[in-house]
Structures are given as C-alpha cells and as structure tokens.
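Student: I should like to understand how the terms used for a structure follow from its computed values. May we go through them one at a time?

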Amino acid sequence: MDLKQRLESCKKCQNREFSEFGIVCSLSGSKPDFNNSCASFALDPKQAHKMQMRQQYEVVAKEENKNQIWVVIGVALIVLRIIFRFLRD
C-alpha cells in the first residue's frame with residue numbers, strides 16, 4: 001500500500017489531524033506508516049458521508065455531461081441540414 005492509498009484511508013478516520021506536513025495521525029503525530037490497515041482506525045461518519053456524496057455527484061455529473069454532448073451534436077446536425085437546404089436552393 002503506497003502513501004496515497006494510506007492517506008485516503010486517513011481522510012475517513014476520526015484520528016486524523018492536519019499539520020504543516022499534511023494529514024497526520026493525532027495518536028502518533030506522524031504520517032501513516034501502516035501496511036494494509038491501521039489498528040487505530042475509527043471511521044468518521046461525517047467525512048465518510050461527505051466522500052460518498054462526492055462520489056455520487058461525480059457519477060451524476062458524468063451522465064449529465066454525456067447528455068449535453070448529445071444535445072450539442074443534435075443541434076449541430078440540425079444547423080448543418082438547414083445550411084445544406086439553403087445551398088441546394
């Protein structure tokens with residue numbers, strides 16, 4: 001497990017603390033150094049809920065983005081069709 005993955009885990013923990021070095025453990029005062037899981041991990045329900053809502057928002061935003069692309073393509077095709085009709089006449 002690399003540092004980035006450990007920090008992702010720490011972002012959800014109640015024992016996290018912010019310092020001049022970034023996120024550190026409030027129990028040890030250092031950056032995370034566990035291998036697979038932290039023995040003193042305590043889930044912060046507010047932070048976990050916030051991260052879950054962010055993930056759901058990203059999924060919805062991607063779907064809306066796809067829909068907007070199809071609308072732009074549709075409008076572009078209609079405009080091209082109108083231009084070709086004027087050119088044909």
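The dialogue below takes up salt bridges, burial, strand pairing and a surface patch.

Tutor: Please keep in mind that this is a predicted model. The structure holds 3 salt bridges, and they make a suitable beginning.

Student: What makes the contact of Glu 8 with Lys 11 a salt bridge?

Tutor: The nitrogen-to-oxygen distance between the two side chains is 3.1 Å. The cut-off is 4 Å between a side-chain nitrogen of Lys or Arg and a carboxyl oxygen of Asp or Glu, so the term applies. Both residues belong to helix α1 (residues 3-11), where being 3 residues apart separates them by about one helical turn.

Student: Why are Glu 8 and Lys 11 called partly exposed?

Tutor: Glu 8 has a relative accessibility of 33%, and Lys 11 has 32%. Buried means under 20% and exposed means over 50%, so values in between are called partly exposed.

Student: How do you know that Glu 63 and Lys 66 form a salt bridge?

Tutor: Their side chains meet at 3.9 Å, N to O. Because the limit is 4 Å, this pair qualifies. Glu 63 and Lys 66 lie in helix α2, 3 residues apart, which again is about one helical turn. Glu 63 is partly exposed at 42%, and Lys 66 is partly exposed at 49%.

Student: What does the salt bridge between Asp 44 and Arg 16 tie together?

Tutor: The closest N and O atoms of Asp 44 and Arg 16 are 3.1 Å apart. Arg 16 is in strand β1 (residues 16-19), while Asp 44 is in the loop between β2 (22-25) and α2 (45-88), so the pair ties together parts that are 28 residues apart in sequence.

Student: Why is Asp 44 called buried?

Tutor: Its relative accessibility is 15%. As buried means under 20%, Asp 44 therefore meets the criterion.

Student: What is notable about the charge of Arg 6, and how do you know that it has no salt bridge?

Tutor: Arg 6, in helix α1, is buried, and the nearest side chain of opposite charge, Asp 2, is 6.3 Å away. A salt bridge requires a distance within 4 Å, so Arg 6 has none. Apart from neighbours within four places in sequence, Arg 6 is in contact with Met 1, Pro 32, Asp 33 and Phe 34.

Student: What makes β1 and β2 a pair of strands?

Tutor: They are joined by 4 bridges in the antiparallel sense. At least two bridges are needed, so the strands count as paired. Phe 18 stands opposite Ile 23 in β2, and Ser 19 has Gly 22 as its bridge partner in β2. The connection from β1 to β2 is a hairpin of 2 residues.

Student: Which residues form the nonpolar patch on the surface?

Tutor: The patch includes Ile 69, Trp 70, Val 71, Leu 80, Phe 84 and Leu 87, and the accessible area of the patch is about 1100 Å².

Student: Why is Leu 87 called exposed?

Tutor: Leu 87, in helix α2, has a relative accessible area of 64%. Exposed means over 50%, so the term fits Leu 87.

Student: Is Glu 64 buried, partly exposed or exposed?

Tutor: Glu 64, also found in helix α2, has 46% relative accessibility and counts as partly exposed. From Glu 64 to Leu 80 there are 16 residues in sequence and 24 Å in space, C-alpha to C-alpha.

Key. Residues are numbered from 1 along each chain as its sequence is written. This is a predicted model: local features need pLDDT of at least 70, side-chain atom pairs count only at pLDDT 80 or more; totals for chains, interfaces and linings use all residues. Side-chain values use heavy atoms; hydrogens and water are left out. Buried means under 20% relative accessible area, exposed over 50%, partly exposed in between (1.4 Å probe, protein chains only). Patches are made of residues with over 30% relative accessible area and no salt bridge: like charges are joined within 9 Å, nonpolar side chains (Val, Leu, Ile, Met, Phe, Trp, Tyr) within 5 Å. Accessible areas come from the Shrake-Rupley method with a 1.4 Å probe; for residues, only the protein chains shown count as cover. Lys and Arg count as positive and Asp and Glu as negative; His and the chain ends are not counted. Contact means heavy atoms within 4.5 Å.
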